[in-house]
Amino acid sequence: MAATLTANDDVMRRLLPRLPAGVWSLSGFTVVWFGGIVIPLLAIILVSFFQGRGIRINLDPTFLQYERFFSYGGSDLLARSVRIAATITFIELMIAFPFALWLAKGCKNNMVRLLTFTALTVPFFLSPAARVIVWRSVFGINGVVNQALLATGAVDEPVTWLIFSEFAVHFGFLGAFFPTMVWPIFLSISLIDNDFLEASNDLGANRFRTLVHVIFPLALPGVVAGIVFTFIPMLGDTVVAQHMGGNNVLMLSAQVQSLIGVSNFLVAAALAAVVLGIMLAFQVLLWAALKPVGGLNEVFANLRR
Amino acid sequence: MTMTAHASETITYAQVRPPFWRRFMDGLPRGTGLFFGYGVLFILYLPIVWLMILSISGEPLTGIPGEWTLTWYEDVIYADIAQRDGEAYGSNFRVGDPLLLSIGLAFATSAACVIGALIVGPVLPRVKRRGPLLIGFLMPLMVPGIVAGVGLFMWYRLVINVKMGVWSLALAHFVWAFPFALLAMLVVASRFDTRLMEAAEDLGASRWQRFWQIEVPILKPGIFAAGFFGFLLSFNELPFSIFMRAGQDTLPLYLWIQSGAHNTTVPLIYAMSTLVTIVSIGLTFLAIKLAFGGGKDGKQ
């Protein structure tokens with residue numbers, strides 16, 4: 001760490017003394033962050049290979065927790081969670097890409113653009129639970145939709161699949177995870193120099209060819225970031241699956257909570273380790289996708305312009 | 001300065017002929033894209049608006065709005081006061097303590113985020129080989145909240161064996177909010193011309209003068225953004241809190257637990273959630289205004 005920090009010696013000497021505690025505040029913060037946060041998060045993978053009861057842990061490496069997890073129907077749960085999250089991520093991408101493209105390059109009205117930005121930002125700071133609990137009064141057996149359907153005679157009995165079903169979970173995710181897909185794609189598209197598009201046109205490319213050969217490759221980091229920031233939080237979502245899926249659509253977080261609830265910490269660790277594994281795979285994907293455009297450093301250089 | 005010159009060139013060019021990128025979307029069936037885009041935004045906002053409407057309806061449990069009343073808001077306050085005085089009241093809904101805890105945590109997280117972002121933000125864009133550092137600092141963004149919560153819980157409770165409490169909630173909120181605060185600061189700090197610091201030093205400014213009179217004013221949008229991110233993200237945080245609370249209820253946690261039970265407190269949850277939502281929206285607008293309002297010349 002220290003080697004990294006002193007690598008750019010010249011600049012560092014100029015910048016660091018600005019803070020009262022100089023270089024120590026940065027190094028200290030970095031050490032505390034990595035020691036207190038990053039290592040504990042990675043340690044969960046280590047913990048999952050131990051065995052024990054309750055909070056007593058025995059330090060013999062074993063696959064026992066994974067065997068238990070999968071023998072309790074963990075693979076179904078995992079498959080369902082990944083399938084639902086992947087489906088919604090795909091749908092979000094299909095909707096968000098054209099929308100972000102329009103917002104970045106097509107929207108001519110600054111007011112509309114500003115309002116849309118705000119609309120995309122605000123939900124991020126709202127309590128996720130507040131958004132979800134109200135759906136029950138809309139989609140429930142006595143909810144608004146069913147009352148309307150019954151009143152118009154479209155159905156004879158209340159429709160039950162509207163809530164506590166996979167449909168409800170998909171629907172709940174759709175709105176909640178739209179901004180996380182639009183933002184990164186929007187940012188990456190708006191960083192594309194307009195001269196590139198102009199040049200593509202001058203060289204005889206039509207709009208479609210420009211989209212495929214110029215815009216899409218340059219927007220790829222944003223697309224990958226959007227997928228990561230949508231898929232990963234959805235996989236661990238605490239609210240939608242439990243309030244809109246009930247007991248019919250169990251997803252990861254409900255399982256983690258019930259395992260912790262019965263003090264089955266090590267199986268919970270195995271489950272968390274599997275999710276961390278998926279996440280690390282995604283990070284590798286992100287890294288690979290950023291490589292052609294020069295990696296993280298280059299993305300930063302772009303931000304600076 | 002260079003930005004302005006560049007922008008005016010573009011405008012002159014645009015006056016001659018609408019640039020290709022302006023015409024780019026013209027012929028596409030963009031109506032479809034916009035329909036779906038705004039359609040999803042509608043789905044996103046429908047429950048928020050519906051919640052507000054139901055919170056001022058007489059019979060929210062039926063799901064049909066009407067009979068406008070503020071009785072649920074009164075109940076939220078009276079139920080808490082009555083129980084504080086030890087009297088019986090219609091419902092056992094008490095938001096007082098969770099609300100105070102949430103506000104306290106939000107202020108603490110906000111302050112910690114500003115300090116942390118000020119320590120790391122201005123320096124990180126200028127460190128060589130910053131990749132690993134950046135990934136480490138932004139890691140909580142890429143880990144599902146529930147997994148990160150459980151990971152921290154296991155480390156501190158099982159491996160290190162300390163008791164959970166308010167400190168662990170504060171830690172969890174900081175872990176969740178800091179990456180966002182740092183990102184906001186990085187966007188501002190990466191445009192920071194370090195030569196200004198050098199010039200100030202040459203002119204004899206002391207360390208504190210350089211910090212307060214040059215760095216803080218330039219980084220102000222980032223500082224505000226970091227502070228607001230810290231406050232709002234902590235105030236509405238749920239997944240981490242589930243594991244790191246140890247008997248302490250934050251407001252979102254309390255509302256979430258209450259909403260799991262099908263009982264008479266549901267209208268009060270609507271009322272309280274509406275209040276929290278309105279405050280959050282107000283703060284978000286303020287944050288957007290403060291963070292981006294002053295930096296107009298930096299954008300095209």
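A residue counts as buried if 20 or more other C-beta atoms lie within 10 Å of its own. Keep that cut-off in mind while you look around this structure, which is a predicted model.

**A buried phenylalanine in a loop**

A good place to start is A:F164, which sits in the loop between α8 (144-152) and α9 (166-176) of chain A. Because A:F164 has 20 C-beta neighbours inside 10 Å, A:F164 counts as buried. The backbone at this spot deserves a look as well. Most residues other than glycine have a negative phi. A:F164 has a positive value, with phi near 55°.

**Where the two chains meet**

How many residues does each chain bring to the contact? Chain A gives 85 residues, and chain B gives 85 residues. On the side of chain A that touches chain B, helix α3 (residues 23-47) of chain A supplies the largest share, with 13 residues. Sorted by class, that side of chain A holds 59 nonpolar, 19 polar and 7 charged residues.

**Chain B as a whole**

Now turn to chain B, which has 300 residues, 46% of them buried. Chain B contains 13 helices and 0 strands, so you can follow its path by going from helix to helix, in the pattern α-α-α-α-α-α-α-α-α-α-α-α-α. Looking at contacts in chain B with a separation of 6 or more, 74% join residues 24 or more positions apart.

**Two helix pairs that share α8(B)**

Helix α8 (residues 166-189) of chain B packs with helix α10 (residues 207-235) of chain B, and helix α7 (residues 145-159) of chain B packs with α8(B) too. Here are the two pairs:

| Pair | Angle | Axes apart |
|---|---|---|
| α8(B) and α10(B) | about 160° | 8 Å |
| α7(B) and α8(B) | about 140° | 11 Å |

How are α8(B) and α10(B) oriented to each other? Angles over 145 degrees count as roughly antiparallel, and α8(B) and α10(B) are therefore roughly antiparallel to each other. Their crossing is right-handed. From α8(B), the residues making this contact include B:H173, B:W176, B:F180 and B:M185. From α10(B), they include B:L219, B:P221, B:F229 and B:L233. By class, this contact of α8(B) with α10(B) has 14 nonpolar, 4 polar and no charged residues.

The angle between α7(B) and α8(B) leads to another description: these two helices are therefore oblique to each other. α7(B) also passes α8(B) in a right-handed crossing. On the α7(B) side, B:G145, B:A148, B:G149, B:L152 and B:Y156 take part, and they meet B:S168, B:A172, B:V175 and B:W176 in α8(B). This contact of α7(B) with α8(B) has 6 nonpolar, 3 polar and no charged residues. You may recognise B:W176, which appears in the contact with α7(B) and also in the contact with α10(B).

**One alanine to finish**

Is B:A112 buried or exposed? B:A112 counts as buried, because it has 20 C-beta neighbours inside 10 Å. B:A112 lies in helix α5 (residues 96-120) of chain B. Leaving aside residues up to four places away in sequence, B:A112 touches B:F174 and B:G230. B:G230 is also one of the α10(B) residues in the contact with α8(B). For a sense of distance, try B:A112 and B:A205: they are 93 residues apart along the chain, and their C-alpha atoms are separated by 27 Å.

Definitions and conventions. Residues are numbered from 1 along each chain as its sequence is written. Chains are lettered from A and ligands numbered from 1 in the order in which they are written. This is a predicted model: local features need pLDDT of at least 70, side-chain atom pairs count only at pLDDT 80 or more; totals for chains, interfaces and linings use all residues. Axes are lines fitted to C-alpha atoms, for helices over the stretch in contact, and angles run from 0 to 180 degrees between N-to-C directions. Helices (H or I, at least four residues) and strands (E, at least two) are DSSP runs, numbered from the N terminus. Angles under 35 degrees count as roughly parallel, over 145 as roughly antiparallel, 65 to 115 as roughly perpendicular and the rest as oblique. A crossing is left-handed if the near helix is turned anticlockwise from the far one by less than a right angle, and right-handed if clockwise. Two residues are in contact if their C-beta atoms, placed from the backbone, lie within 7 Å. Ala, Val, Leu, Ile, Met, Phe, Trp, Tyr, Cys and Pro count as nonpolar, Asp, Glu, Lys and Arg as charged, and the others, Gly among them, as polar. A residue is buried if 20 or more other C-beta atoms lie within 10 Å of its own, exposed if 12 or fewer, and partly exposed in between; C-beta atoms are placed from the backbone.
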